Structures are given as structure tokens and as C-alpha cells.
Protein chains: 2
Amino acid sequence: MTAQRKLILKVINDTCEHMNAEQIYMAAKAEMPGIAMATVYNNLKYLSDNDYIRKIGVSDGADFYDRNIIPHDHAICDKCGGIADINPGGIREALEKSIGSKVTHYDLNVHYICPGCRTW
Amino acid sequence: MTAQRKLILKVINDTCEHMNAEQIYMAAKAEMPGIAMATVYNNLKYLSDNDYIRKIGVSDGADFYDRNIIPHDHAICDKCGGIADINPGGIREALEKSIGSKVTHYDLNVHYICPGCRTW
DNA sequence: ATTAGATTTAGAATTGTTCCAAATTCTTTA
DNA sequence: TAAAGAATTTGGAACAATTCTAAATCTAAT
């Protein structure tokens with residue numbers, strides 16, 4: 001664990017959930033001005049490969065990183081872009097039944113209008 | 001419907017499902033050598049916006065395009081990268097129950113080892 | 001203290017996609 | 001059916017996110 005790696009993990013754990021690489025880089029830079037973007041990517045890879053954090057792939061835009069490694073899915077607001085954790089039950093079972101074999105993992109991102117953005 | 005647009009739609013309908021922009025470009029180029037990549041992207045956007053085809057966002061790599069616009073999800077083999085359509089039931093209901101509101105849409109990509117790649 | 005291996009850094013390179021402006025081609029409608 | 005306006009095509013530049021590279025530096029175990 002180098003100082004950089006420790007800092008990046010701290011940033012992810014202390015700052016808000018669901019930050020992307022750029023945001024993590026900025027937050028880390030505030031404490032360690034010389035840190036390089038490549039170091040952030042290197043460590044995000046290391047940390048997610050080793051289950052310290054979870055990388056969430058997003059098809060249209062930057063991936064984000066989640067300090068919560070307990071399996072859960074994400075609901076993304078179409079208006080504000082805010083991301084909320086969700087825990088719908090029975091998904092994995094439905095998928096395994098459907099494909100007839102074990103699922104190694106799955107990505108499920110739901111789009112909706114969050115309560116704050118709803119107008120009625 | 002310009003000749004280019006017709007060709008691109010034909011390529012998607014006649015060639016294999018789940019092609020990415022590059023593959024569609026190559027197939028179109030074979031019949032119309034002067035066609036531009038930008039035209040392919042323009043038309044993929046037009047065709048998916050108008051429900052002729054469906055765009056499938058992939059977080060790590062090129063998006064692909066599906067001629068099947070009936071809602072369904074995708075199972076991606078971790079070994080060969082092959083993509084299969086799946087139709088697990090009850091997902092939308094589980095999601096709406098979980099977030100407590102309507103889902104505008106959702107992306108669900110399952111990773112697994114396909115029958116062809118399985119060794120036991 | 002030495003040395004092999006891991007990590008950091010800055011910047012270049014890559015990939016997939018979008019943007020741009022000019023040229024061309026469709027589509028009205030007079 | 002010709003002129004005007006709208007949409008589309010083209011090639012290339014621009015872009016964003018990420019990965020790669022190679023040299024410098026650090027770390028850990030002898």
C-alpha cells in the first residue's frame with residue numbers, strides 16, 4: 001500500500017459514493033498535488049480487482065466506483081443523473097433460470113425519474 | 001430514406017445480429033465503397049431513435065445494434081464474447097417495486113460462460 | 001546495503017464516438 | 001420543372017475516457 005493507493009481508497013470511502021475517475025483524481029489532487037491521473041487509474045484497477053471497491057461500467061460516459069462491494073444495482077435519474085443504490089430481489093435467480101447456467105456477474109442499471117426531479 | 005440509410009438497415013437486418021458500428025461500416029462499404037463512417041453513425045442514431053433498430057450500450061467496448069426491437073436482454077460469454085438474447089420474466093416488475101416508481105428503461109447485461117465455451 | 005519487483009509519473013497513443021463545415025442530394029411548392 | 005429550403009453525406013478534426021509506454025522512483029526482502 002503506497003501513500004497514493006491509501007489516499008485514493010480514503011477518497012472513495014470518505015467522499016460521496018459513485019465518483020468517477022476524474023472526480024477521484026480531483027479529490028486526491030487536493031491532498032497530494034503531484035498525483036498523476038495514471039496512478040488513479042492504476043489504483044482503481046488494483047482496488048477493484050482486489051475487491052476493495054467495485055467498478056460500475058456505464059455505457060454512455062465515465063465509469064464510476066462504488067465503495068459498497070455488497071452486490072446491488074443502480075437506479076440513474078434521467079433528469080439529474082443522480083445514482084441511487086437499489087436491491088431488487090430475485091434477479092439473479094430469474095437470470096440463471098433464463099440462461100440455464102450460472103451467472104458470473106451482471107450489470108443492471110435502471111433509468112427513471114428520481115423523487116426530487118418528479119413534477120406532478 | 002436515402003440509399004445509404006436503406007443499405008445500413010439492410011445490413012443490420014440481413015447480416016448477423018449484434019453488430020457494432022465498425023462491422024456495419026465494413027459490411028456497408030462492401031456494397032457502397034464511398035460511404036463514410038459518419039454516415040453510418042448518423043443513420044444508426046436515426047434508425048434507433050425511430051425504432052427501426054435498438055442500440056445496446058456496452059460499458060467496455062463498442063456499442064452494438066440489434067435488429068430485434070422487442071424488449072429483451074443480453075447474455076455475454078466471458079470467454080468468446082458471443083452475445084445471446086434472453087427473456088427473463090418479471091425483471092421490470094421487480095425493479096419498479098424496488099424503486100417505487102416507473103422505470104423509463106433499463107440495461108441488463110449478464111455475463112456467463114456459453115454452452116460452446118463450457119468445459120467439464 | 002543490494003537488488004528485484006512493484007509503483008509512479010508524464011505524456012503519447014488508442015478507441016469509440018461526436019462535431020463541423022462544405023458539398024450534395026432530396027423535397028417542396030410555386 | 002426550376003428555385004428554395006431542408007435534410008443528408010462526407011472527410012476530417014475534435015473529443016472523452018481510458019490504456020499504454022518508458023523512465024524514474026519506491027518498497028521489501030534478502
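This report walks through the symmetry of two protein chains, one helix pair, and the surfaces that face two DNA strands.

The model is predicted, so local features need pLDDT of at least 70, side-chain atom pairs count only at pLDDT 80 or more, and totals for chains, interfaces and linings use all residues. Residues are numbered from 1 along each chain as its sequence is written, chains are lettered from A and ligands numbered from 1 in the order in which they are written, and side-chain values use heavy atoms, with hydrogens and water left out.

**How the two chains relate**

Let's start with the symmetry. A turn of 179 degrees and a shift of 0.1 Å along the axis lay chain A on chain B with an RMSD of 0.1 Å; the superposition is by least squares on the C-alpha atoms of residues with pLDDT of at least 70 in both copies. That is the relation of a two-fold axis. Within chain A, A:Ser59 has the C-alpha nearest the axis, 2.0 Å from it. Of the interface residues of chain A, 97% are also interface residues in chain B, so the copies meet through the same surface.

**A helix pair in chain B**

Helices here are DSSP runs (H or I, at least four residues), numbered from the N terminus. The axes of α2 (residues 21–31) and α3 (residues 37–49) of chain B come within 10 Å and cross at roughly 115 degrees. These axes are lines fitted to C-alpha atoms over the stretch in contact, with angles from 0 to 180 degrees between N-to-C directions. The crossing of α2(B) past α3(B) is right-handed (the near helix is turned clockwise from the far one by less than a right angle).

Which residues of α2(B) and α3(B) meet? From α2(B) come B:Ala21, B:Glu22, B:Ile24 and B:Tyr25, and from α3(B) come B:Met37, B:Val40, B:Tyr41 and B:Leu44, where contact means heavy atoms within 4.5 Å. This contact holds seven nonpolar, no polar and one charged residues. Ala, Val, Leu, Ile, Met, Phe, Trp, Tyr, Cys and Pro count as nonpolar, Asp, Glu, Lys and Arg as charged, and the others, Gly among them, as polar.

**The DNA strands**

A residue is near a strand if one of its heavy atoms lies within 4 Å of it. Around DNA strand D there are 14 residues, of which A:Tyr41, A:Asp63, B:Thr2, B:Gln4 and B:Thr39 come nearest. Around DNA strand C there are also 14 residues, and there A:Thr2, A:Gln4, A:Thr39, B:Tyr41 and B:Asp63 come nearest.

Sugar or phosphate supplies 78% of the atoms of DNA strand D within 4 Å of the protein, and bases the rest. For DNA strand C, sugar and phosphate account for 81% of such atoms.

The table lists some polar contacts (pairs of N or O atoms within 3.5 Å).

| Protein atom | DNA atom | Distance |
|---|---|---|
| A:Asp63, backbone N or O | strand D, phosphate oxygen | 3.0 Å |
| B:Arg5, side-chain N or O | strand D, phosphate oxygen | 3.1 Å |
| B:Thr39, polar side-chain atom | strand D, phosphate oxygen | 2.6 Å |
| A:Gln4, polar side-chain atom | strand C, sugar or linking oxygen | 3.0 Å |
| A:Asn43, side-chain N or O | strand C, phosphate oxygen | 3.2 Å |
| B:Tyr41, side-chain N or O | strand C, phosphate oxygen | 2.8 Å |

For the surface near DNA strand D, α3(B) gives the largest share, four residues. Near DNA strand C, the largest share, also four residues, comes from α3(A). By class, the surface near DNA strand D has six nonpolar, six polar and two charged residues, and the surface near DNA strand C has six nonpolar, six polar and two charged.

Methods. Helices (H or I, at least four residues) and strands (E, at least two) are DSSP runs, numbered from the N terminus. A polar contact is a pair of N or O atoms within 3.5 Å; within protein, one must be able to donate a hydrogen and the other to accept it, and residues adjacent in sequence count only if both atoms are side-chain atoms.
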